[in-house]
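Hi everyone, thanks for coming. I'd like to walk you through a structure, and I'll take it step by step. Please have a look at it first.

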Amino acid sequence: MTNAVAKVEPLHFPHRHLLTVEGLGAQEINFLLDLADSNADANRQVGNRRDVLRGRMLINLFFENSTRTQASFEMAAKRLGADVMNMNVSTSSVSKGETLIDTAVTLNAMRPDMIVVRHHSAGAVELLAQKVDCSVINAGDGSHQHPTQALLDALTIRRAKGRVGGLTVAICGDILHSRVARSNIMLLNALGARVRIAAPSTLLPPAPERMGAEVFTDMWKAVEGADVVMMLRLQRERMEGSYVPSTREYFHFFGLDHEKLARAKPDAIVMHPGPMNRGVEIASTVADHSSSVIREQVEMGVAVRMAVLEALARNLAKR
Amino acid sequence: MNATSSTTKRPARESKSATATAFLNARIVDPAANRDEPGGLVVRDGLIADVGPHLRRNSPEGVNVIDCKGRVLAPGLIDAQVFTGEPGFEHRETLKTASHAAAAGGVTTIVVMPETNPVIDQVALVDFIQRRARDNAIVHVHTMAAMTKGLKGEEMTEIGLLKRAGAIAFSNGKTSVANTRVMRNVLLYGRDFGALIVHHTEDPYLASSGAMNSGEIAARLGLPGTHKASETIMLERDVRLVEMTRGRYHAATISSAESLDVIRAAKARNLPVTCGVSINHLTLNENDIGPYRTFFKIRPPLRSDEDRAAMVRGLAAGDIDIIVSSHDPQDADDKRRPFAEATDGAVGLETLLPAALRLYHSGELPLMSVLRALTINPAKLLGLHSGRLAKGAVADIILFDPDEPWVVNKDMLRSRSKNSPFDESKMQGRVLRTLVAGETVYQYAP
């Protein structure tokens, strides 16, 4: 890093919520990534707890089960000194028939500072955000968006490759149902990467080329010369004859094994948002190979979420 | 990738490689080259070494000579819809008996359907058919694989792996995929692999319980009818799905004038749509059922003579691409039942060519058109290199007399089942010799 050029990057992230990566500019994204990058280094030190969020209350509101994302947000918030409350659908009033808006209004009345929301319906998080006074962070809404995943993926790539712009990233798997794919395609495009997507036609949305990616139904061609191969999780209920005939056939044509990976650049990295189906979308030996940065992705997840929480907290009214 | 090679009879290489056979004094009819002229043909090493008018009388040195006496020398027929009973119903037909029936009918390539027990819906079963055919069959055998698991119309099969294993196309047998979403996914997914999706078009709800074509005759016979709209409705749905997915689609056997209109319109819109017709629907009609003759009970049912004439016109215009025998061996016991309870199906391999020649003799179609739909068109549809009399092509050849009169006797049929609607019919035209990869696999002995 040189300091010759005066930085024109924003010194803050001028948003109340993080609902989507759509519309985020490269400067804003890099601001978050730079912050997260220093968090990642700091997190490796002993005594890394800070207190920028001391006195702040964060609610983890998960309408869809998630272990890792919820834990990642919780750890990020606690490292910054926030108080965290985890709310699970199964134990909340939602299962008693309360509407999403009623839940939002009720929670808002308790005056939290931030709500992290995951919901199975696209657009649900945005709907909730309209009804509360605090910051809302989208932790995944249906097949729509998962902004912090795209940010942590970008940070992982940037740390492994030194840059994101100009790289060729092949995103392979269930594009149709993937919020990870949608978020990543947008964010990587904003950072100047060349994005490819690969899937059987049954797992591609209509007019996939309009998403800003080069489309392949042959994964061998999609990974040819790629710097990054990003695999997506295939939901179990989509494996047995509805969208793809079988896990065997899927693995044969769309699973990342060493043969397909050999088509990518020799120093290509392998990514997966987790949890993995070993032997379905990725061979075990590839997942555990030195080219795999899947564990780093998890580590960067905490760092990126800390950055997001910190950036949004700066915009919160002082109490 | 030569995926289907294991089912293909290889040219004999050993001692026979030194010898060649010349077929002189023939009428060469090859629709692929639009050729119909006096001439001859030389077979060497299982391949066609030479063909043309210059071989009418003179042959190269040191070859066996066969005088064709002016009879027709044509490419061996390719039959894209053959049901056998192997595996599971071997008492009806095996690959071996079907191949002998085919050879006697001048059919050098058969495509067998996946509607067996077990259903051909897995790679290992495609492999089984190929190995059994290699060891027992005397003509080329290719297999269609099921497009849905167990032909249930619910979950698609491993189309990619099945195609790689050698499945030549994908079929749902004699049942339509009623679930539109499943059919759309099959077409969409199959497109990625260049798979040919062959579909029987009959709305199962509308057609259920029908025993014959709905109309005056069914009414008179007191039989439940299947309206021809049940075919057209399914076909129209499929064409919309092809428009949506651009999957490669072939309607297995159409039978009504309205269905022909749908095909013609689809082709006019440049959709990847083709269709076939069974020989039965070109040469028979519902009147033939007469007094409840169950050998005329087939699927789709025989239609009116107007529909039959429309099929012939469709063939002449090129809107219908191929003719199939729809050879479907059934037990005598399953046929000797009250009409509505009898099983559907008719054998047809051995009568395919003479029945097709009826259209030529009646003046409804030129010989070239008849043969085109039985040779080069199915070859193109299925991606085969046979079906033509070209230099260097595999020597799948038939010699036939287009005029010789004879009467079908079901007991003389080589098929293990004898359910022929043409039993005791007068035919004009008979196969004299059938060569598969240069080897004579059938020769007529008067």
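Let me start with one word we will need: a residue counts as buried when its relative accessible area is under 20%, and as exposed when that value is over 50%. Keep in mind, too, that this is a predicted model.

Now let's try the word out. Is Phe193(B) buried or exposed? Its relative accessible area is 18%, and the cut-off is under 20%, so Phe193(B) is buried. Tyr189(B) has a relative accessibility of 1%, so it counts as buried as well.

These two residues bring us to the aromatic rings. How many aromatic pairs does a search of the whole structure find? There are 3 over all chains. One of them is formed by Phe253(A) and Phe193(B), with an edge-to-face arrangement, 4.6 Å from centre to centre and 65° between the planes. Phe253(A) sits in helix α8 of chain A, residues 247-254, while Phe193(B) sits in the loop between α4 (180-192) and β10 (196-199) of chain B, so this pair joins two chains. Phe253(A) is buried, just as Phe193(B) is. Phe193(B) also pairs with Tyr189(B), and that pair is tilted, with 5.2 Å between the centres and 50° between the planes. Put together, Phe253(A), Tyr189(B) and Phe193(B) make up one aromatic cluster.

Let's move on to the nonpolar cores. In soluble globular proteins, nonpolar side chains tend to be buried together. Here, the largest nonpolar core has 193 residues, and the members that touch the most others are Ile171(A) and Ile110(B). Which helix gives the most to this core? That is α11 of chain A, residues 294-313, which contributes 12 residues. There is also a second, separate core of 18 residues, including Leu19(A), Ile59(A), Leu61(A) and Val117(A).

If you click on Ile171(A), you can look for its contacts. Leaving aside residues up to four places away in sequence, Ile171(A) touches ten partners you can tick off: Ala181(A), Asn184(A), Ile185(A), Leu188(A), Val195(A), Arg196(A), Ile197(A), Ala198(A), Met230(A) and Leu232(A).

Back to helix α11(A) for a moment. This helix has 20 residues and spans 29 Å from its first C-alpha to its last, close to the 28 Å expected at 1.5 Å a residue. Of those 20 residues, 16 are buried, so α11(A) is largely enclosed by the rest of the structure.

What does α11(A) lie across? It lies across β1, β3 and β4 of chain A, and it runs at about 150° to β4(A). Those strands belong to an open sheet of 4 strands in chain A, ordered β2-β1-β3-β4, with parallel pairing. At the edges stand β2 (83-88) and β4 (135-141) of chain A; each has a single partner strand, so one side of each is left without a neighbour in the sheet. On average, neighbouring strands of this sheet are turned by 15° against each other, direction ignored. Further in, β1(A), residues 57-62, and β3(A), residues 114-119, run parallel and are joined by 5 bridges. For an example you can find on screen, Phe62(A) has Arg118(A) in β3(A) as its bridge partner.

Chain B has strands worth a look too. Strand β6(B), residues 77-82, runs parallel to β7(B), and 4 bridges join them. Val82(B) stands opposite Val112(B) in β7(B). In β7(B), residues 107-112, 6 of the 6 residues are buried, so this strand is largely enclosed by the rest of the structure.

Last topic: the backbone. Most residues other than glycine have a negative phi, and most peptide bonds are trans. Now for some exceptions. Gly274(A) and Pro275(A) are joined by a cis peptide bond, with omega about -10°, and Pro275(A) lies in the loop between β9 (269-271) and α10 (284-287) of chain A. The bond from Glu86(B) to Pro87(B) is also cis, with omega near 0°; Pro87(B) is in the loop between β6 and α1 (95-104) of chain B.

As for phi, Leu151(B) is not a glycine, yet its phi is positive, about 60°. Leu151(B) lies in the loop between β8 (140-146) and α3 (159-165) of chain B, and at a relative accessible area of 11% it is buried. Ala437(B) has a positive phi as well, near 50°. Its loop runs between β17 (426-436) and β18 (439-443) of chain B, and Ala437(B) counts as buried at 3% relative accessibility.

Notes:
Residues are numbered from 1 along each chain as its sequence is written. Chains are lettered from A and ligands numbered from 1 in the order in which they are written. This is a predicted model: local features need pLDDT of at least 70, side-chain atom pairs count only at pLDDT 80 or more; totals for chains, interfaces and linings use all residues. Side-chain values use heavy atoms; hydrogens and water are left out. A nonpolar core is a set of buried Ala, Val, Leu, Ile, Met, Phe, Trp, Tyr and Cys residues joined through side-chain atoms within 4.5 Å. Buried means under 20% relative accessible area, exposed over 50%, partly exposed in between (1.4 Å probe, protein chains only). Contact means heavy atoms within 4.5 Å. The expected span of a helix is 1.5 Å times one less than its number of residues. Two strands pair if DSSP finds at least two bridges between them. Axes are lines fitted to C-alpha atoms, for helices over the stretch in contact, and angles run from 0 to 180 degrees between N-to-C directions. Rings of Phe, Tyr and Trp (its six-membered ring) pair if their centres lie within 6.5 Å; planes under 30 degrees apart count as stacked, over 60 as edge-to-face and the rest as tilted.
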